[in-house]
Amino acid sequence: MGSVCILIVEGNPHLRSLLGWHLQQVGYGVYQSADIRHAREIFYNRHPTLVILDNELPDGDGLEFCRWLYQQQETLILILSARNTESDIVEGLKSGADDYLKKPFGMQEFLARVESLVRRHRRMTPPASLDYGDLQIDLVQRRVRYQEDAIELTPQEFSLLYVLAQAGGLPMSRPELLRRAWPDAIDNPRTIDTHVLSLRKKIETDPRQPSLIQTVRNVGYRLNTEILNATPAQQPEQPMGKKTPMRQLTPVGAVPLSRG
């Protein structure tokens, strides 16, 4: 839990210190603030996983700050409040809070709710890489290696390969591939065919008889994870006299991945 950073924004110094102490005892990294101004500074510098927020703060409206936090990427929010009517809870959740805990509360319940939110964050966080045997896709630096060689891909090709790998071998239709690989694109789904052809030329041993990126009739395409995960003895032999083409070795620069 040491990698999980929590920011407590609470006007009551005694409660703020008490919450911070208990969170540190179970292994969380903790930062504390008594007001919104200081909380913003900590947020920008530390990028906390979870913000525990009192909705009554000395220098502003906690719910207004909650709405601002909601606009930040992948930040979870737990509101602590003495306001405990149904309308208060609904307003807090509509402001962007992931959970709402009414004061006074027990420490065990508080810690359980924090743990639940941290588990949610871990499910939301994508892995740093996708590995299928000889194929490694580095999602941080957007680099691809196949059979120990670096493969140079365009941003579009990388996103397409990533989406196919995410599917884990399941076939995906052209419209679905287009929507997930390039959510802002307005291209015809048949554009996928062009990019698949280009991708095959860079990654397949024989692009005319592709074994990695397979066409699924009347559906679309799939990544052949079975052949990638097969042991060398299980791999099909190369035809006699056929040479493996040289692969491009220039690494791809880091380009933000389209959300899909």
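Four strands build an open sheet in this predicted model. Their order is β8-β9-β10-β11, and the pairing is antiparallel. β8 and β11 (149–151) stand at the edges with a single partner strand each, so one side of each has no neighbour in the sheet. On average, neighbouring strands are turned by 20° against each other, direction ignored.

**Strand by strand**

Start with β8, which covers residues 129–132. This strand pairs with β9 in the antiparallel sense, over four bridges. Asp 131 stands opposite Gln 136 of β9. The two strands form a hairpin with two residues between them. Gly 133 sits in that turn and has a positive phi of about 60°.

β9 also pairs with β10 (residues 143–146), again antiparallel and over four bridges. Here the bridge partner of Leu 135 is Tyr 146 in β10. This second hairpin has four residues between its strands.

Which side chains of β9 are buried? Leu 135 and Ile 137 are, and they point to one face. Gln 136 and Asp 138 point to the other face and are not buried. The side chains thus alternate along residues 135–138.

**The core**

In soluble globular proteins, nonpolar side chains tend to be buried together. The largest nonpolar core here has 32 residues. Ile 137 and Leu 223 touch the most other members. Several elements give two or more residues to this core, including β8, β9, β10, α7 (174–181), α8 (191–203) and β14 (220–223). The largest share comes from α6, with seven residues.

What does Ile 137 touch, leaving aside residues up to four places away in sequence? Its contacts include Leu 130, Val 144, Phe 158, Leu 161 and Ala 165. Arg 143 and Asp 131 are also among them.

Another core, of 21 residues, lies apart from the largest one. Leu 50, Met 107, Leu 117 and Val 118 are among its residues.

**Two positive phi angles outside glycine**

Arg 142 and Glu 148 both have a positive phi, and neither is a glycine. The table sets them side by side.

| Residue | Phi | Loop | Relative accessible area |
|---|---|---|---|
| Arg 142 | about 55° | between β9 and β10 | 3% |
| Glu 148 | about 75° | between β10 and β11 | 60% |

Is each one buried or exposed? Arg 142 is buried, because its relative accessible area of 3% is under the 20% limit. Glu 148 is exposed, because its 60% is over the 50% limit.

**Elsewhere in the chain**

Helix α3 spans residues 62–70. Its buried residues are Gly 62, Leu 63, Phe 65, Cys 66, Trp 68 and Leu 69. At the start of α3, a side-chain oxygen of Asp 61 reaches to within 3.0 Å of the backbone nitrogen of Leu 63.

Where is the cis peptide bond from Lys 103 to Pro 104 placed? Pro 104 is found in the loop between β7 (99–102) and α5 (107–124). The omega of this bond is near -5°.

**The whole chain**

The protein chain has nine helices and 14 strands. Of its 260 residues, 42% count as buried. Take the contacts with a separation of 6 or more: residues 24 or more positions apart account for 58% of them. The chain exposes about 14,700 Å². Carbon and sulfur atoms supply 50% of that area.

Definitions and conventions: Residues are numbered from 1 along each chain as its sequence is written. This is a predicted model: local features need pLDDT of at least 70, side-chain atom pairs count only at pLDDT 80 or more; totals for chains, interfaces and linings use all residues. Side-chain values use heavy atoms; hydrogens and water are left out. Buried means under 20% relative accessible area, exposed over 50%, partly exposed in between (1.4 Å probe, protein chains only). Two strands pair if DSSP finds at least two bridges between them. Axes are lines fitted to C-alpha atoms, for helices over the stretch in contact, and angles run from 0 to 180 degrees between N-to-C directions. A nonpolar core is a set of buried Ala, Val, Leu, Ile, Met, Phe, Trp, Tyr and Cys residues joined through side-chain atoms within 4.5 Å. Contact means heavy atoms within 4.5 Å. Accessible areas come from the Shrake-Rupley method with a 1.4 Å probe; for residues, only the protein chains shown count as cover. A polar contact is a pair of N or O atoms within 3.5 Å; within protein, one must be able to donate a hydrogen and the other to accept it, and residues adjacent in sequence count only if both atoms are side-chain atoms.
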